[in-house]
Amino acid sequence: MKRVICFDIETTGLEYMRGDRCIEIGAVEMIDDKITDNTFHEYINPDGKIIPPDSYMVHKISNAFLEDKPKMAVVAPKFLEFIGDSPIVAHNGADFDFPFINHELAQLGLPQIPKEQQLDSIVIARNRVFGPKSYSLDALAKWYGISLTARADAHGALIDAEILAKVYKELENTAPAPDVAEIIAKQHQDFLNHPKIGNNFPKRTFAPHEDELNAHNAFMEKLMA
């Protein structure tokens, strides 16, 4: 049985080293590439940290709403129990979600999520999806035809975790993206090997000049962009 957890967080801001706090955790379980009904979802009292207007406009979570919610000291052990030792996927997790949640865990003296458990879906996408102009969660969802109507009004950790799970499922079934340099080299070789059409083309008996190759490669790169 292959168990994977897709998770997302909402926060008071982007800088945990300056006191920003996690205010929502959402996680979705996948078993053998199938999304199950087993989820984790908690809102978290930020213990006096004020949510600024710009952050509120993203997730629409207010301090007033969080007043009666449990603090991280209560939520964190439950979250760790839910994820266990399963691989954990977050979108742009290496730069944001994992450092943020691990800082919260460290502050409580709890075990942090180890590197070997962490999977970043944006890194996976860049190696497997050849075409999107952006690798944001929204862009990948649209690329795969996954509906975003659930988060039309605001971001939410559980909503985003569910979208991520659907995107990750697609990524798992997508072959690695082709190497552009290899494609250009192959097309160049195919071009050189292609038989001449007609009878009036003199057969070239000498190798192309380096300037010609550079010009051709630059042209092919523009075509592949």
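Q: Why is phenylalanine 7 called buried or exposed in this predicted model?
A: Phenylalanine 7 has 0% relative accessibility. Buried means under 20%, so phenylalanine 7 counts as buried.

Q: How many aromatic pairs does the structure hold?
A: There are seven aromatic pairs in the structure. One of them joins phenylalanine 7 and phenylalanine 79.

Q: What makes the pair of phenylalanine 7 and phenylalanine 79 stacked, edge-to-face or tilted?
A: Their ring centres are 5.6 Å apart, and the angle between the planes is 45 degrees. Rings pair if their centres lie within 6.5 Å, and planes under 30 degrees apart count as stacked, over 60 as edge-to-face and the rest as tilted. An angle of 45 degrees therefore makes this pair tilted.

Q: Which parts does this pair tie together?
A: Phenylalanine 7 belongs to strand β1 (residues 3-11), while phenylalanine 79 is in helix α3 (residues 72-83), so the pair links parts 72 residues apart in sequence.

Q: Why is phenylalanine 79 called buried or exposed?
A: The relative accessible area of phenylalanine 79 is 1%. With the limit for buried set at under 20%, phenylalanine 79 is buried.

Q: What makes the pair of tyrosine 43 and phenylalanine 65 stacked, edge-to-face or tilted?
A: Here the centres are 4.9 Å apart and the planes stand at 90 degrees. Over 60 degrees counts as edge-to-face, so that is the name for this pair. Tyrosine 43 sits in strand β3 (residues 34-43) and phenylalanine 65 in helix α2 (residues 63-66), so the pair ties together parts 22 residues apart in sequence.

Q: Why are tyrosine 43 and phenylalanine 65 called buried, exposed or partly exposed?
A: Tyrosine 43 has a relative accessible area of 25%, and phenylalanine 65 has 38% relative accessibility. Partly exposed lies between under 20% for buried and over 50% for exposed, so tyrosine 43 is partly exposed, and so is phenylalanine 65.

Q: How do you know that the charged end of lysine 69 sits over the ring of phenylalanine 65?
A: The charged end of lysine 69 is 4.0 Å from the ring centre. The distance limit is within 6 Å, together with an angle within 35 degrees of the ring normal. The distance fits, and lysine 69 is listed as sitting over the ring.

Q: Why is glutamine 118 called buried or exposed, and where is it?
A: Its 16% relative accessibility means that glutamine 118 counts as buried, since buried is under 20%. Glutamine 118 is in strand β5 (residues 118-120).

Notes:
Residues are numbered from 1 along each chain as its sequence is written. This is a predicted model: local features need pLDDT of at least 70, side-chain atom pairs count only at pLDDT 80 or more; totals for chains, interfaces and linings use all residues. Side-chain values use heavy atoms; hydrogens and water are left out. Helices (H or I, at least four residues) and strands (E, at least two) are DSSP runs, numbered from the N terminus. Buried means under 20% relative accessible area, exposed over 50%, partly exposed in between (1.4 Å probe, protein chains only). Rings of Phe, Tyr and Trp (its six-membered ring) pair if their centres lie within 6.5 Å; planes under 30 degrees apart count as stacked, over 60 as edge-to-face and the rest as tilted.
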